Amino acid sequence: MKGTMMMSPWDRWYSTSCCLCCHVRTGTIILGVWYMLINAVVLLILLTALSDPEKYHLTSAELANDLDVMDDANMCIASAISLLMILICGMATYGAYKLRAAWIIPFFCYQIFDFALNALVAVSIVVYPNTIQDYLQQLPDNFPYKEEVAALSNICLVLVVLLFIGCIIGFKAYLIACVWNCYRYVSGRGGSEILLYVTTNDTTVLLPPYDDNISVPCKQAPPSYISAEATA
């Protein structure tokens, strides 16, 4: 009777393809470049606002609350976060391109942190459903469709927001799985490229990686004895 090999949950969900068409390594590179572009645009907007604060400053009267959320200190912090995100995304892109698994870990940790924040937002909406109405009241009066959205019932607002956040969480979970599979693929490729030492009683032989051994072209075979005798 043949025994069945048990597979761990990580191996069961492991795949080298994402988005039904591309490799996880390519998908991670595209994702890293996309995040870098988004954060670069945000950083450019923040730096422009810092250079002309009178034009982009929003007062408490405009936001209908007691705090100035767009002061210089908060904008400097947001600029530093955007710059850090550009660095993390660049590391992930470089790690996926150059097959460096350790460079992908910071971006993967950021994805986990972002996923946890979105999950906490969904839980807070379920526990405190009145926060949606409070948030709508803090929006400025000229905000598009503010009155129409505020006219909806509280249960309907909670269901719509939870559905929207649920779609975002599901999409982020899929991206986390793609980056994790890329990390496992790069780690496996890095492990297969380690040279092996085979030691016998007399000699020590250095074996090249399997892929390099396969890629070495075969030497040209020597001419046969009959053809060599005919030319002589």
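## One cavity

Let's start with the empty space: searching the whole structure turns up one cavity of 30 Å³ or more. (A cavity is a set of points on a 1 Å grid over the protein atoms alone where a 1.4 Å probe fits but cannot get out, and its lining residues have an atom within 4 Å of a point.) This is a predicted model, where local features need pLDDT of at least 70 and side-chain atom pairs count only at pLDDT 80 or more, while totals for chains, interfaces and linings use all residues. Residues are numbered from 1 along each chain, and side-chain values use heavy atoms, leaving out hydrogens and water.

The largest cavity holds about 60 Å³ of space. Its lining is made up of Y35, Y110, Q111, D114, K172, L175 and I176: four nonpolar, one polar and two charged.

## The largest core

Which residues touch the most other members of the largest nonpolar core? Among its 18 residues, they are L31, Y35, F107, V179, C182 and V186. (Such a core is a set of buried Ala, Val, Leu, Ile, Met, Phe, Trp, Tyr and Cys residues joined through side-chain atoms within 4.5 Å; buried means under 20% relative accessible area, with a 1.4 Å probe and protein chains only.)

Helix α9 (154-192) is one of the elements supplying at least two core residues, and its six are the largest share. The core lies between domain 1 (23-60 + 68-98) and domain 2 (109-203), because both give residues to it.

## F107 and a second core

Skip the neighbours within four places in sequence, and F107 is in contact (heavy atoms within 4.5 Å) with L31, Y35, I88, C89, A92 and V179. There's also a second, separate core of nine residues, including A122, I132, L136 and V158.

Technical notes
Buried means under 20% relative accessible area, exposed over 50%, partly exposed in between (1.4 Å probe, protein chains only). Helices (H or I, at least four residues) and strands (E, at least two) are DSSP runs, numbered from the N terminus. Domain bounds come from an automatic or database domain assignment. On a 1 Å grid over the protein atoms alone, a cavity is a set of points where a 1.4 Å probe fits but cannot get out, and a pocket is an open set with protein on both sides within 12 Å along at least five of seven lines; lining residues have an atom within 4 Å of a point. Grid points are joined across faces, edges and corners, and a volume is the space filled by probe spheres set on the points. Ala, Val, Leu, Ile, Met, Phe, Trp, Tyr, Cys and Pro count as nonpolar, Asp, Glu, Lys and Arg as charged, and the others, Gly among them, as polar.
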